Amino acid sequence: MKKRCTAVILAAGSGSRMKSRRAKQFMPLNGKPLITYALLAVELSDIIDDCILVTGAEDIPYMKKEIVNKCRFRKVDTIVAGGSERFLSVANALQVIRERKMKVPNEDGYVFIHDGARPFLTEKILEDTYQAVEQYHAAVAAVPSKDTIKIADEEGFVTATPARNQVWSIQTPQVFDTQLILEAYGKYMDQWESLRQKNITVTDDAGVVELMTDRKVKLVMSSYENIKITTPEDLITAEGFLRPDIW
């Protein structure tokens, strides 16, 4: 029997690296706000049951009226304010689950954490990560690196070259047992200030699980089209990936 699956969609970014005054999640891609693509994938998915949408506190009214209500995204259960950093945004969303504030609680299911700036989330990616999390309890979408990677010192000199067949580019969704991700983030939030003083930081949710628990994270083959829109050049690439049937 399929367990309950809640998506956490992160859309609290700014437009700074996009060189835009408009928040990135509202910038147009083929005439539609960027965030609508990830939300549509969630809405149409047989895997995802409901969704927590994270956005800037000042953007919540607009997000609710102009995106969620206007596009009839019925799976969006809750819209919460993001934090100043990614992990704080995720923590705010997880608090909704922890405190059982959703219409249907998710205590023994799975949480899919996805960047709202990745517009090409597919049902296959959701299905593959769901199958992996069922078996391994922690799974992330990823693709093998196409490039040779160099490790550099602080002065920009190469210190190591890892074998390319062992290097993966990490994407989202990142998927975890509900209780596992709640435990990991609970511990991290308790310790993050002291960890930061020791220069110990994480940049994704898998990193939190790796740091705070003994659970291994399974890499799941994703798609090279599952890009994150970060700079203006990424929008040009995304336009090339668009398909007529996406809307």
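**Exercise 1. A salt bridge within a helix**

Which two side chains meet in a salt bridge with an N to O distance of 2.7 Å? Find the pair in this predicted model, and then describe how the partners are placed in their helix.

*Solution.* The pair consists of lysine 124 and aspartate 128, whose side chains meet at 2.7 Å, N to O. Both residues belong to helix H4, which covers residues 123–136, and because they are four residues apart there, about one helical turn separates them. The relative accessibility of lysine 124 is 53%, and since the threshold for exposed is over 50%, lysine 124 counts as exposed. Elsewhere, salt bridges with shared partners join Arg86, Asp115, Arg118 and Asp205 into one network.

**Exercise 2. Two further salt bridges**

Determine how many salt bridges the structure holds, and examine the contacts of arginine 4 and of glutamate 107.

*Solution.* The structure holds 12 salt bridges. In one of them the side chain of arginine 4 meets that of aspartate 50, at 3.1 Å from N to O. Arginine 4 lies in the segment before E1, whereas aspartate 50 belongs to strand E4, so this pair ties together parts that are 46 residues apart in sequence. The next step is to classify the two partners: arginine 4, at 25% relative accessibility, counts as partly exposed, while aspartate 50, at 4%, counts as buried, because buried means under 20%.

Glutamate 107, in turn, forms a salt bridge with arginine 100, and the closest N and O atoms of that pair are 2.4 Å apart. Glutamate 107 counts as partly exposed at 42% relative accessibility, and arginine 100 counts as partly exposed at 45%.

**Exercise 3. The sheet and the helices on it**

Work out the order of the strands in the seven-stranded open sheet, identify the strands at its edges, and place helices H1 and H5 relative to the strands.

*Solution.* Seven strands make up an open sheet of mixed pairing, and their order is E5-E4-E1-E6-E10-E7-E11. The edges are taken by strand E5 (76–81) and strand E11 (218–221); each has a single partner strand, so one side of each is left without a neighbour in the sheet. On average, neighbouring strands of this sheet are turned by 25° against each other, direction ignored.

One pairing can be followed in detail: strand E7, residues 138–144, and strand E10, residues 168–177, pair in the antiparallel sense over six bridges. Within this part of the sheet, proline 144 stands opposite tryptophan 168 in E10. Helix H5, residues 178–197, packs on the sheet and touches E6, E7 and E10, its direction making about 110° with that of E10. Helix H1, residues 35–44, lies across strand E1 (5–11), strand E4 (50–55), E5 and strand E6 (110–115), and runs at about 180° to E1.

**Exercise 4. The cysteines**

Establish how many disulfides the structure holds, and consider cysteine 51 and cysteine 71 one after the other.

*Solution.* The structure holds zero disulfides. For cysteine 51, the nearest cysteine sulfur is that of cysteine 5, which is 13 Å away; because a disulfide requires sulfur atoms within 2.5 Å, cysteine 51 is in no disulfide. Its relative accessibility of 1% makes cysteine 51 count as buried. For cysteine 71, the nearest cysteine sulfur is that of cysteine 51, also 13 Å away, and cysteine 71 is likewise in no disulfide. With a relative accessible area of 32%, cysteine 71 is partly exposed.

Notes
Residues numbered from 1 in each chain as written. Predicted model: local features only at pLDDT ≥ 70, side-chain atom pairs only at ≥ 80, totals over all residues. Heavy atoms only, no water. Pairing = 2+ DSSP bridges. Helix = DSSP H or I, 4+ residues; strand = E, 2+ residues; numbered from the N terminus. Axes fitted to C-alpha atoms, helices over the stretch in contact; angles between N-to-C directions. Contact = heavy atoms within 4.5 Å. Salt bridge = Lys/Arg side-chain N within 4 Å of Asp/Glu carboxyl O. Buried < 20%, exposed > 50% of the residue type's maximum accessible area, 1.4 Å probe, protein only.
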